[in-house]
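Me: I'd like to learn how to read a structure like this one. Can you take me through it step by step?

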Amino acid sequence: MPRLRALCVYCASSQRCDPRYHATAALLGRSAAERGVEIVYGGGQVGLMGAVADAALSAGGRVTGVIPEHLIVKELGHGRLTELVVVESMHERKREMFERADAFAILPGGLGTLDETFEILTWRQLGLHDKPIVLLNDGGYWQPLLDLIAHQVRENFVRPEHAGQMHVADSVDALFALLEALPGQRGESDTERF
Ligand code: AMP
């Protein structure tokens, strides 16, 4: 039994981004499946979201999508998931994704991805959880965000220890290596932690 059981993935719904981002998203989905790690994500069929889900399913992995009813048409709710949880609101979606996951991976994305990332990061800053958070800085996509956070630390608006709660990986392998090495994951003996 792997220590990491369910990984929540936040990523783009955009279909228009460079195909190399889709390739990394697919690699993450496949790698999770190969490691026996369930994917928890926003339940869409479009963009990087769809790429992660499709690749994980093709590799025999378990994929749970959580989607609000009003987005089923817009984000094309995925029809082949292991489980599709339909919720009423965005807040409910984020809560459900949070509760089902042991850790969080952030892939390239837009404003929705930023919203999800900062919510989970600020919840951790407030001590509401201690689940690992890893940003996949695919091709340097997130560098402007990392530079902004470093600026915030320098200007004393963000504590270094809070900024450090988001780990950074530059490849899918590095992301899983980090997650496997970090404390705070749900193991058979510490299920009660979360
Ligand atoms: P994006 O990064 O904008 O492509 O969005 C990625 C995912 O985040 C999509 O599933 C969006 O539905 C979702 N999303 C967009 N806006 C929000 C929001 N305010 N809160 C939570 N999720 C959002």
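**Reading the model, piece by piece**

Reply: Let's start at the ligand: one of its oxygen atoms is 2.6 Å from an N or O atom in the side chain of T113. That is a polar contact, meaning a pair of N or O atoms within 3.5 Å; within protein, one must be able to donate a hydrogen and the other to accept it, and residues adjacent in sequence count only if both atoms are side-chain atoms. Keep in mind that this is a predicted model, where local features need pLDDT of at least 70 and side-chain atom pairs pLDDT 80 or more, while totals for chains, interfaces and linings use all residues. Residues are numbered from 1 along each chain as its sequence is written, and side-chain values use heavy atoms, leaving out hydrogens and water.

Me: How many residues surround the ligand?

Reply: A residue counts as near if one of its heavy atoms lies within 4 Å. Here 16 residues surround the ligand, with S13, E75, G110, T113 and D115 the closest. As for other polar contacts, G112 has a backbone N or O atom 2.9 Å from a ligand oxygen, and R93 has a polar side-chain atom 3.0 Å from one.

Me: In what order do the strands of the sheet come?

Reply: Helices (H or I, at least four residues) and strands (E, at least two) are DSSP runs, numbered from the N terminus, and two strands pair if DSSP finds at least two bridges between them. In this model 7 strands make an open, parallel sheet in the order β4-β3-β2-β1-β5-β6-β7. β4 (83-87) and β7 (166-169) are at the edges with a single partner strand each, so one side of each has no neighbour in the sheet. As an example of pairing, β2 (residues 38-41) and β3 (residues 63-68) are joined in the parallel sense over 3 bridges, and Y41 stands opposite G65 in β3.

Me: Is H78 buried or exposed?

Reply: Buried means under 20% relative accessible area, exposed over 50%, and partly exposed in between (1.4 Å probe, protein chains only). H78, in the loop between β3 and β4, has 4% relative accessibility, so it counts as buried. Contact means heavy atoms within 4.5 Å, and H78 touches residues including Y41, D54 and L84.

Me: Which residues of helix α7 are buried?

Reply: In α7 (residues 172-181), they are V172, L175, F176 and L179. The arc uses directions from the helix axis to the C-beta atoms; these buried residues fall within 90 degrees, so they line one face of α7. The face turned away carries the exposed D173 and A181.

Terms used. Lists of a residue's contacts leave out its neighbours within four places in sequence.
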